[in-house]
Amino acid sequence: IDYASAVDMLRKQGLIIVSVNEAAVKSNVFSMSLGKKKVKTDDLVVFSRQLATMVDAGIPLVGALDILGEQIENKVFGEIISKIRSDVETGSSLSDALSKHKKVFSALFVNMVRAGESSGMLDEILDRLASYMEKTSNLQKKVGSALVYPAVVSAMAAGITLLLFLKVIPVFKDIFSGFGSELPKPTAILIAASDALQKYFPAVIVMIVVMAILISRYLKTERGKFQYDSLLLKMPVFG
């Protein structure tokens with residue numbers, strides 16, 4: 001049973017509703033989440049622009065959300081819109097209903113909608129949000145495209161360097177050992193690094209994976225996000 005059906009059933013029984021909380025589904029959540037599509041910025045742009053048009057045309061908010069929930073191609077987003085419609089239908093403001101889905105609607109989006117509701121300019125605010133997200137999405141795509149070539153070159157350079165240390169340098173080590181003379185210091189350092197990498201290669205891989213996981217988790221914290229964003233702002237080009 002969904003939120004709206006539960007509220008309707010309780011009202012028919014003559015009960016006063018204080019609060020209704022949806023129970024979390026515990027069965028095979030991991031496998032279900034793998035099949036779900038994420039809500040993309042393009043979905044939010046279409047949603048905001050269509051909702052703005054409907055509000056401007058005088059269509060009631062509940063009816064507009066009902067139409068959008070059925071028409072949206074992204075099924076996950078459609079379910080979220082249906083939940084928002086149920087919350088609005090039971091008396092919640094649109095901004096409060098949106099704030100329950102923080103993974104989809106950012107704080108900026110929610111606060112802008114709240115400002116639009118207070119000023120009576122919801123349609124205009126939604127249209128401005130759509131334009132803003134569209135420009136932001138286009139900029140992100142351009143930056144992503146510009147970073148593809150450096151990323152590929154860096155990955156190839158790292159792979160070639162790893163191949164040299166694991167396969168090529170050991171061959172030259174055997175050749176140099178037959179000379180019987182003392183090797184130059186830079187060459188000796190390279191050979192020592194190659195020996196260490198061959199000996200501890202599995203441990204190095206495990207350490208890199210663990211460090212990547214720890215850094216990823218740290219960047220999800222408030223302090224990590226702040227430090228990461230501060231670093232990005234200080235970068236010459238990307239900042």
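## Reading the helix packing

Modeller: Start with one residue: Leu61 lies in helix 4. Keep in mind that this is a predicted model.

Colleague: Which residues does Leu61 touch, not counting those up to four places away in sequence?

Modeller: Leu61 touches Leu51, Val55, Val88 and Leu94. Take Leu94. Leu61 and Leu94 are 33 residues apart in sequence, and their C-alpha atoms are 8.5 Å apart in space.

Colleague: Let me step back to the whole chain. How many helices and strands are there?

Modeller: The protein chain has eleven helices and zero strands. Read from the N terminus, the elements run α-α-α-α-α-α-α-α-α-α-α.

Colleague: What share of the residues is buried?

Modeller: Of the 239 residues in the protein chain, 22% are buried.

Colleague: And what share of the contacts with a separation of 6 or more joins residues 24 or more positions apart?

Modeller: That share is 48% in the protein chain.

Colleague: How should I read a nonpolar core?

Modeller: The general idea first. In soluble globular proteins, nonpolar side chains tend to be buried together. Now this case. The largest nonpolar core here has 30 residues. Phe77, Ile84, Leu94 and Phe105 have the most contacts inside it.

Colleague: Which elements give two or more residues to this core?

Modeller: They are helix 3 (41-56), helix 4 (61-71), helix 5 (75-89), helix 6 (94-99), helix 7 (107-119) and helix 8 (122-177).

Colleague: What is Phe105 in contact with, leaving aside neighbours within four places in sequence?

Modeller: Phe105 is in contact with Leu44, Phe47, Phe77, Ile80, Ile84, Leu98 and Val110. Two of those names, Phe77 and Ile84, also appear among the core residues with the most contacts.

Colleague: Next topic, helix pairs. How do I describe one?

Modeller: Two packed helices are described by the angle between their axes and the distance between the axes. Try helix 4 and helix 5. They pack at an angle of about 165°, with their axes 8 Å apart.

Colleague: Are helix 4 and helix 5 roughly parallel or roughly antiparallel?

Modeller: Angles over 145 degrees count as roughly antiparallel. Helix 4 and helix 5 are therefore roughly antiparallel to each other. Their crossing is left-handed. On the helix 4 side, the contact is made by Leu61, Val62, Leu65, Asp66, Leu68 and Gly69. Helix 5 brings Gly78, Ile81, Ile84, Arg85, Val88 and Glu89. So Leu61, our starting residue in helix 4, is part of this contact.

Colleague: What is the make-up of that contact by class?

Modeller: Seven residues are nonpolar, two polar and three charged.

Colleague: What about helix 3 and helix 8: at what angle do their axes cross?

Modeller: The axes cross at roughly 160° and come within 8 Å. Helix 3 and helix 8 are therefore roughly antiparallel to each other. This crossing is left-handed. Helix 3 residues in the contact include Thr41, Leu44, Val45 and Leu51; helix 8 residues include Leu126, Ala130, Met133 and Ser137. By class, the contact of helix 3 with helix 8 has eight nonpolar, four polar and seven charged residues.

Colleague: Take Thr41 of helix 3. What is its relative accessible area?

Modeller: The relative accessible area of Thr41 is 29%, which makes Thr41 partly exposed. Leaving aside neighbours within four places in sequence, Thr41 is in contact with Met133 and Ser137.

Colleague: How far is Thr41 from Phe105?

Modeller: In sequence, Thr41 and Phe105 are 64 residues apart. In space, they are 10.0 Å apart, C-alpha to C-alpha.

How values were computed
Residues numbered from 1 in each chain as written. Predicted model: local features only at pLDDT ≥ 70, side-chain atom pairs only at ≥ 80, totals over all residues. Heavy atoms only, no water. Core = buried A, V, L, I, M, F, W, Y, C linked by side-chain atoms within 4.5 Å. Buried < 20%, exposed > 50% of the residue type's maximum accessible area, 1.4 Å probe, protein only. Helix = DSSP H or I, 4+ residues; strand = E, 2+ residues; numbered from the N terminus. Contact = heavy atoms within 4.5 Å. Axes fitted to C-alpha atoms, helices over the stretch in contact; angles between N-to-C directions. Parallel < 35°, antiparallel > 145°, perpendicular 65-115°, else oblique. Left-handed = near helix turned anticlockwise from the far one by under 90°. Nonpolar A, V, L, I, M, F, W, Y, C, P; charged D, E, K, R; others polar.
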